[in-house]
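Here are my notes on the model, as numbered points. Please read them with the structure open.

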Amino acid sequence: MFAIRNRSVFALLSVVILCGFVASQAEDKKVEKKAEPKIKRELKLFNGKNLDGWKNSMFGGDGEIAVEDGQLILDMGNDITGVTWKDEKALPKLNYEISLEAQRVDGSDFFCGLTFPIKDDSCSLILGGWGGTVCGLSSLDFKDASENDTTLFRDFKNGQWYKVRLRVLEKRITAWIDGKEIIDADLTGKKIGIRSEVEPSKPLGFCSFRTKAALRNIVLKEFEPVGK
(Lines give C-alpha, C1' and ligand atoms only; values in the text may rest on other atoms or scores of the structure.)
Protein backbone atom coordinates (compact mmCIF):
# COMPACT_ATOMS: atom_id res chain seq x y z
CA MET A 1 0.00 0.00 0.00
CA PHE A 2 2.87 2.37 0.88
CA ALA A 3 4.57 1.64 -2.47
CA ILE A 4 1.35 2.28 -4.37
CA ARG A 5 0.86 5.57 -2.53
CA ASN A 6 4.45 6.61 -3.33
CA ARG A 7 3.96 5.78 -6.99
CA SER A 8 0.78 7.88 -7.03
CA VAL A 9 2.57 10.82 -5.41
CA PHE A 10 5.46 10.48 -7.85
CA ALA A 11 3.06 10.40 -10.81
CA LEU A 12 1.27 13.49 -9.52
CA LEU A 13 4.56 15.33 -9.04
CA SER A 14 5.65 14.35 -12.55
CA VAL A 15 2.45 15.80 -14.01
CA VAL A 16 2.91 19.02 -12.04
CA ILE A 17 6.53 19.36 -13.16
CA LEU A 18 5.61 18.65 -16.79
CA CYS A 19 2.80 21.19 -16.73
CA GLY A 20 5.16 23.74 -15.23
CA PHE A 21 7.73 23.05 -17.95
CA VAL A 22 5.16 23.42 -20.73
CA ALA A 23 3.85 26.64 -19.20
CA SER A 24 7.39 27.96 -18.90
CA GLN A 25 8.07 27.20 -22.56
CA ALA A 26 4.85 28.93 -23.58
CA GLU A 27 5.81 31.97 -21.51
CA ASP A 28 9.27 32.03 -23.07
CA LYS A 29 7.69 32.00 -26.54
CA LYS A 30 5.41 34.87 -25.56
CA VAL A 31 8.40 36.89 -24.38
CA GLU A 32 10.31 36.03 -27.54
CA LYS A 33 7.38 37.06 -29.74
CA LYS A 34 6.99 40.35 -27.89
CA ALA A 35 10.66 41.24 -28.31
CA GLU A 36 10.95 44.08 -30.82
CA PRO A 37 14.07 44.81 -32.86
CA LYS A 38 16.02 47.97 -32.07
CA ILE A 39 15.35 50.84 -34.46
CA LYS A 40 18.48 52.06 -36.26
CA ARG A 41 16.84 54.91 -38.18
CA GLU A 42 13.43 56.14 -39.27
CA LEU A 43 12.60 57.62 -42.67
CA LYS A 44 9.35 59.38 -43.48
CA LEU A 45 8.69 58.37 -47.08
CA PHE A 46 5.72 60.65 -47.75
CA ASN A 47 5.56 64.23 -46.49
CA GLY A 48 1.81 64.65 -47.14
CA LYS A 49 2.43 67.79 -49.22
CA ASN A 50 3.88 66.68 -52.54
CA LEU A 51 5.48 63.77 -54.38
CA ASP A 52 8.99 64.59 -53.21
CA GLY A 53 11.03 61.37 -53.40
CA TRP A 54 8.53 59.61 -55.67
CA LYS A 55 7.99 59.29 -59.41
CA ASN A 56 5.18 57.98 -61.57
CA SER A 57 5.82 54.28 -62.17
CA MET A 58 4.55 54.65 -65.74
CA PHE A 59 2.85 51.28 -66.12
CA GLY A 60 0.92 52.48 -69.16
CA GLY A 61 -2.77 53.27 -68.82
CA ASP A 62 -2.08 54.90 -65.44
CA GLY A 63 -4.69 56.95 -63.66
CA GLU A 64 -3.91 60.37 -62.23
CA ILE A 65 -1.51 60.65 -59.29
CA ALA A 66 -2.10 63.50 -56.85
CA VAL A 67 -1.61 64.69 -53.28
CA GLU A 68 -4.78 65.81 -51.52
CA ASP A 69 -5.41 66.53 -47.83
CA GLY A 70 -2.21 64.79 -46.79
CA GLN A 71 -3.02 61.73 -48.88
CA LEU A 72 -1.24 60.17 -51.84
CA ILE A 73 -3.99 59.43 -54.36
CA LEU A 74 -3.65 56.72 -57.00
CA ASP A 75 -6.61 57.17 -59.29
CA MET A 76 -8.24 54.30 -61.15
CA GLY A 77 -6.21 53.22 -64.15
CA ASN A 78 -6.42 50.74 -66.98
CA ASP A 79 -4.98 48.67 -65.50
CA ILE A 80 -2.36 49.77 -62.94
CA THR A 81 -1.54 53.11 -61.33
CA GLY A 82 1.48 53.54 -59.09
CA VAL A 83 4.45 55.44 -57.72
CA THR A 84 8.06 54.33 -57.26
CA TRP A 85 10.62 55.56 -54.74
CA LYS A 86 13.50 57.30 -56.54
CA ASP A 87 16.47 56.87 -54.21
CA GLU A 88 17.33 53.17 -54.15
CA LYS A 89 20.52 53.83 -52.16
CA ALA A 90 18.46 55.14 -49.23
CA LEU A 91 16.62 51.84 -48.87
CA PRO A 92 17.71 48.91 -46.72
CA LYS A 93 17.38 45.45 -48.22
CA LEU A 94 16.87 43.62 -44.93
CA ASN A 95 15.86 44.29 -41.33
CA TYR A 96 13.28 47.00 -41.86
CA GLU A 97 9.59 47.71 -41.55
CA ILE A 98 7.22 49.83 -43.63
CA SER A 99 4.02 51.16 -42.09
CA LEU A 100 1.22 53.18 -43.63
CA GLU A 101 -2.51 53.70 -43.79
CA ALA A 102 -4.28 52.61 -46.97
CA GLN A 103 -7.81 52.98 -48.26
CA ARG A 104 -9.74 51.62 -51.23
CA VAL A 105 -11.60 54.76 -52.26
CA ASP A 106 -13.40 53.27 -55.22
CA GLY A 107 -13.23 50.05 -57.22
CA SER A 108 -13.08 46.40 -56.32
CA ASP A 109 -9.52 45.15 -56.63
CA PHE A 110 -6.21 45.63 -54.83
CA PHE A 111 -5.68 49.08 -53.35
CA CYS A 112 -2.29 48.38 -51.82
CA GLY A 113 0.27 46.62 -53.96
CA LEU A 114 3.48 47.24 -52.03
CA THR A 115 6.62 46.08 -53.84
CA PHE A 116 9.70 46.01 -51.61
CA PRO A 117 13.34 44.89 -51.68
CA ILE A 118 14.68 41.84 -49.89
CA LYS A 119 18.39 41.18 -50.39
CA ASP A 120 18.91 41.23 -54.17
CA ASP A 121 15.30 40.28 -54.92
CA SER A 122 11.92 41.95 -54.71
CA CYS A 123 8.50 40.84 -53.50
CA SER A 124 5.02 42.38 -53.35
CA LEU A 125 2.41 42.53 -50.60
CA ILE A 126 -1.05 42.50 -52.18
CA LEU A 127 -4.13 43.60 -50.26
CA GLY A 128 -7.59 43.09 -51.76
CA GLY A 129 -6.64 41.55 -55.10
CA TRP A 130 -8.29 39.03 -57.41
CA GLY A 131 -11.68 40.67 -57.23
CA GLY A 132 -11.33 42.36 -53.86
CA THR A 133 -10.58 39.89 -51.06
CA VAL A 134 -7.25 38.14 -51.68
CA CYS A 135 -4.20 39.08 -49.61
CA GLY A 136 -0.73 37.58 -49.74
CA LEU A 137 2.81 37.78 -51.08
CA SER A 138 3.62 37.67 -54.78
CA SER A 139 5.55 35.65 -55.50
CA LEU A 140 6.94 32.73 -53.52
CA ASP A 141 8.29 29.77 -55.48
CA PHE A 142 6.77 31.35 -58.60
CA LYS A 143 3.28 31.25 -57.06
CA ASP A 144 1.21 34.41 -56.71
CA ALA A 145 -0.54 35.77 -53.63
CA SER A 146 -3.64 33.90 -54.73
CA GLU A 147 -2.01 30.47 -54.67
CA ASN A 148 0.81 30.17 -52.13
CA ASP A 149 1.11 29.58 -48.38
CA THR A 150 0.46 33.25 -47.58
CA THR A 151 -2.95 33.39 -49.30
CA LEU A 152 -5.83 34.63 -47.16
CA PHE A 153 -9.21 36.16 -47.82
CA ARG A 154 -10.76 39.15 -46.10
CA ASP A 155 -13.25 41.88 -46.92
CA PHE A 156 -12.27 45.52 -47.26
CA LYS A 157 -14.77 48.37 -47.13
CA ASN A 158 -14.44 51.21 -49.60
CA GLY A 159 -13.80 54.47 -47.83
CA GLN A 160 -12.25 52.86 -44.73
CA TRP A 161 -8.65 53.34 -43.64
CA TYR A 162 -6.55 50.28 -42.78
CA LYS A 163 -3.28 50.36 -40.87
CA VAL A 164 -0.72 48.25 -42.71
CA ARG A 165 2.65 47.06 -41.45
CA LEU A 166 5.23 44.99 -43.32
CA ARG A 167 8.42 43.64 -41.73
CA VAL A 168 11.32 42.20 -43.74
CA LEU A 169 13.95 40.11 -41.96
CA GLU A 170 16.66 37.69 -43.09
CA LYS A 171 14.39 34.67 -43.37
CA ARG A 172 10.93 36.01 -42.63
CA ILE A 173 8.34 38.41 -43.97
CA THR A 174 5.53 39.41 -41.61
CA ALA A 175 2.53 41.64 -42.26
CA TRP A 176 -0.23 43.10 -40.11
CA ILE A 177 -3.52 44.86 -40.78
CA ASP A 178 -4.90 46.98 -37.94
CA GLY A 179 -2.48 45.30 -35.56
CA LYS A 180 -3.53 41.76 -36.46
CA GLU A 181 -0.92 39.50 -38.01
CA ILE A 182 -2.05 38.25 -41.41
CA ILE A 183 1.21 36.88 -42.85
CA ASP A 184 4.22 35.25 -41.21
CA ALA A 185 6.19 33.64 -44.02
CA ASP A 186 9.30 31.55 -43.42
CA LEU A 187 11.51 32.17 -46.45
CA THR A 188 13.88 29.26 -45.89
CA GLY A 189 14.46 27.52 -49.20
CA LYS A 190 11.93 29.67 -51.05
CA LYS A 191 12.42 31.54 -54.31
CA ILE A 192 11.30 35.17 -53.98
CA GLY A 193 10.06 37.22 -56.92
CA ILE A 194 7.43 39.55 -58.32
CA ARG A 195 4.93 39.47 -61.16
CA SER A 196 6.33 40.99 -64.35
CA GLU A 197 3.54 43.60 -64.41
CA VAL A 198 4.92 45.37 -61.33
CA GLU A 199 8.55 45.61 -62.49
CA PRO A 200 8.17 49.42 -62.68
CA SER A 201 7.56 49.44 -58.89
CA LYS A 202 11.09 48.25 -58.09
CA PRO A 203 12.87 48.77 -55.78
CA LEU A 204 10.03 50.17 -53.68
CA GLY A 205 6.63 51.22 -54.89
CA PHE A 206 2.88 51.29 -54.38
CA CYS A 207 0.25 50.51 -56.98
CA SER A 208 -3.45 49.78 -57.37
CA PHE A 209 -5.33 47.75 -59.97
CA ARG A 210 -8.41 49.28 -61.60
CA THR A 211 -9.04 50.87 -58.23
CA LYS A 212 -8.75 54.34 -56.74
CA ALA A 213 -6.54 54.17 -53.66
CA ALA A 214 -5.40 56.61 -50.98
CA LEU A 215 -2.23 56.25 -48.90
CA ARG A 216 -0.88 58.27 -45.99
CA ASN A 217 1.62 58.21 -43.10
CA ILE A 218 4.16 56.11 -45.01
CA VAL A 219 7.16 55.45 -42.76
CA LEU A 220 10.19 53.17 -43.04
CA LYS A 221 12.02 51.96 -39.94
CA GLU A 222 15.37 50.26 -40.33
CA PHE A 223 16.40 47.87 -37.55
CA GLU A 224 19.71 46.81 -36.12
CA PRO A 225 20.56 43.37 -37.62
CA VAL A 226 18.22 40.80 -36.08
CA GLY A 227 18.76 37.73 -38.28
CA LYS A 228 15.39 35.97 -38.47
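1. Start with strand 5 (residues 80–85) and strand 14 (residues 205–209). They run antiparallel and are joined by 5 bridges. Val-83 has its bridge partner in strand 14: Phe-206. Bear in mind throughout that this is a predicted model.

2. Now place that pair in its sheet. The sheet is open, with 7 strands in the order 2-5-14-7-8-9-10 and antiparallel pairing. Which strands are at the edges? They are strand 2 (54–56) and strand 10 (152–153), and each of these pairs on one side only.

3. Phe-206 deserves a second look. Besides being the bridge partner of Val-83, Phe-206 ranks among the residues with the most contacts inside the largest nonpolar core. That core has 46 residues. Others listed with the most contacts inside the core are Leu-100, Leu-114, Phe-116, Leu-125, Leu-127 and Leu-137. Apart from this core lies another, of 8 residues, including Phe-59, Ile-126, Ala-145 and Val-198.

4. What does Phe-206 touch, leaving aside residues up to four places away in sequence? Its contacts include Trp-54, Leu-74, Val-83, Leu-100 and Leu-114. Thr-81, Gly-82, Cys-112 and Gly-113 are also touched by Phe-206. Leu-215 and Ile-218 complete the list.

5. Next, the second largest pocket. Its volume is about 270 Å³. The lining has 13 residues, and those closest to the pocket centre are Ile-80, Phe-110, Arg-195, Glu-197 and Phe-209. By class, the lining residues are 6 nonpolar, 3 polar and 4 charged. Which strand gives the most to this lining? Strand 8 (residues 121–129) does, with 3 residues.

6. A separate hairpin is worth checking. Strand 3 (residues 65–68) and strand 4 (residues 71–74) run antiparallel, joined by 4 bridges. Glu-68 has Gln-71 as its bridge partner in strand 4. The hairpin has 2 residues between the strands, and Asp-69 takes a positive phi near 50°.

7. Two peptide bonds need a look for cis geometry. One runs from Ser-138 to Ser-139, is cis, and has omega near 5°. Ser-139 sits in the loop between strand 9 (134–138) and strand 10. The other cis bond joins Lys-202 and Pro-203, with omega about 5°. Pro-203 belongs to the loop between strand 13 (180–186) and strand 14.

8. Asn-95 has an unusual entry on my list for backbone angles: a positive phi, near 55°, in a residue other than glycine. Asn-95 lies in the loop between strand 5 and strand 6 (96–107). Is Asn-95 buried or exposed? Its relative accessible area is 11%, so Asn-95 counts as buried, the cut-off being under 20%.

9. Trp-130 also carries a positive phi, near 50°, and is a residue other than glycine. Trp-130 is found in the loop between strand 8 and strand 9. With a relative accessible area of 40%, Trp-130 is partly exposed. That value falls in between the cut-offs for buried, under 20%, and exposed, over 50%.

Notes
Residues are numbered from 1 along each chain as its sequence is written. This is a predicted model: local features need pLDDT of at least 70, side-chain atom pairs count only at pLDDT 80 or more; totals for chains, interfaces and linings use all residues. Side-chain values use heavy atoms; hydrogens and water are left out. A nonpolar core is a set of buried Ala, Val, Leu, Ile, Met, Phe, Trp, Tyr and Cys residues joined through side-chain atoms within 4.5 Å. Buried means under 20% relative accessible area, exposed over 50%, partly exposed in between (1.4 Å probe, protein chains only). Contact means heavy atoms within 4.5 Å. On a 1 Å grid over the protein atoms alone, a cavity is a set of points where a 1.4 Å probe fits but cannot get out, and a pocket is an open set with protein on both sides within 12 Å along at least five of seven lines; lining residues have an atom within 4 Å of a point. Grid points are joined across faces, edges and corners, and a volume is the space filled by probe spheres set on the points. Ala, Val, Leu, Ile, Met, Phe, Trp, Tyr, Cys and Pro count as nonpolar, Asp, Glu, Lys and Arg as charged, and the others, Gly among them, as polar. Two strands pair if DSSP finds at least two bridges between them.
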